[in-house]
Amino acid sequence: MRLFTALATTTTLLTAPAFAQAMEADVANGESEFARQCVSCHVIADESGEVLAGRAGRIGPNLHGVIGRQPGAVEDFRYSDAIVAYGELAPADDKTGAAPQGDDFDTVVWGKDNTIAYLEDPTAFLRDALDDPRARSKMAYKVRDAQAAVDIQAYLATFSPDFELPGAAMEGDAAMEDEAMDEEAGSAN
Ligand code: HEC
């Protein structure tokens, strides 16, 4: 019984709201949050131009396939220098450590943690990632609710069915970001 309690406590800790990456994502809620918060500036339109979400938002780039894509890479969209610079970093050079890491990636791509952090504060995220206090995103919007950011990221990922995060084959969202947490999970199992 004692052991059971210890396990339960560990699980609670790992799913506590402070760990955005461990939060369960609700794709349906992400869809409605996207419709509420994002469509004034963004559309999701596939290669043929068919609009899958939103209306005609053109202030921001088309977000179709954005998860797994290099930041700042939509042709003909005039991005800020900051987001283009972010997209040119090697994954290991993202100072926040939030970009998907590994040999599969020559540059940073939008994965899970970096997208969530970006949505919560685009300019602050780019400043941290680039270690440049003067970096500035052109996206003048912040998702105020951490759970909404998690849900929206999961919704965006449904438009990138072929993209798999490194480590995603590990147990669900508990796929840990660093070895310390890996070990903790290992000893709990
Ligand atoms: C007020 C307009 C506006 C709103 C609202 C807005 N965005 Fe943006 N978004 C932009 C602009 C402009 C950019 C380009 C940023 C740059 O160049 O620095 C952008 C960039 C992005 C990018 C990076 C795209 C790429 O190609 O690298 C993502 C991802 C993104 N937005 C997601 C969202 C989501 C999800 C929402 C809703 C929660 C949202 N945005 C709300 C204007 C907006």
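**Reading a helical chain and its ligand shell**

Reader: Which helices each supply at least two residues of the shell around the ligand?

Author: They are α3 (81–88) and α4 (113–120). Helices here are DSSP runs of H or I with at least four residues, strands are runs of E with at least two, and both are numbered from the N terminus. A residue is near the ligand if its C-beta atom, placed from the backbone, lies within 6 Å of it. By that rule 28 residues surround the ligand, and the closest are Cys38, Cys41, Gly60, Ser80 and Met139.

Reader: What should I know about the model and its numbering?

Author: This is a predicted model, in which local features need pLDDT of at least 70 and side-chain atom pairs count only at pLDDT 80 or more, while totals for chains, interfaces and linings use all residues. Residues are numbered from 1 along each chain as its sequence is written.

Reader: How do the residues of the shell around the ligand divide into nonpolar, polar and charged?

Author: Ala, Val, Leu, Ile, Met, Phe, Trp, Tyr, Cys and Pro count as nonpolar, Asp, Glu, Lys and Arg as charged, and the others, Gly among them, as polar. The shell has 19 nonpolar residues, eight polar and one charged.

Reader: In what order do the elements of the chain run?

Author: From the N terminus the order is α-α-β-β-α-α-α-α-α, which gives seven helices and two strands.

Reader: How do the axes of α2 and α6 cross?

Author: Fit a line to the C-alpha atoms of each helix over the stretch in contact, and take the angle, from 0 to 180 degrees, between N-to-C directions. The axes of α2 (residues 27–37) and α6 (residues 146–157) come within 7 Å and cross at roughly 95 degrees. That makes α2 roughly perpendicular to α6 (65 to 115 degrees; under 35 is roughly parallel, over 145 roughly antiparallel, the rest oblique). On the α2 side, the residues making the contact include Val27, Gly30 and Phe34, and on the α6 side they include Ala148, Ile152 and Tyr155. The contact divides into six nonpolar residues, two polar and three charged. Two residues are in contact if their C-beta atoms, placed from the backbone, lie within 7 Å.

Reader: Which residues of α3 are buried?

Author: Count other C-beta atoms, placed from the backbone, within 10 Å of a residue's own: 20 or more is buried, 12 or fewer exposed, and in between partly exposed. In α3 the buried residues are Ala82, Ile83 and Tyr86. Seen down the axis of α3, these fall within an arc of 95 degrees, so they line one face of the helix; the arc is that of the directions from the helix axis to the C-beta atoms. Part of their cover comes from α5 (122–130).

Reader: And which residues of α5 are buried?

Author: Pro122, Phe125, Leu126, Ala129 and Leu130 are. Down the axis of α5 they fall within an arc of 115 degrees, so they too line one face of the helix. What covers them includes α3 and α4. Just after α5, aspartate 131 takes a positive phi of about 50 degrees.

Reader: Does arginine 55 count as buried or exposed, and why?

Author: Arginine 55 counts as exposed because it has 11 C-beta neighbours inside 10 Å. Its place is in the loop between β2 (51–53) and α3. Not counting residues up to four places away in sequence, arginine 55 touches Val39 and Val43.

Reader: Where is lysine 142 found?

Author: Lysine 142 is in the loop between α5 and α6. With 16 C-beta neighbours inside 10 Å, lysine 142 counts as partly exposed.
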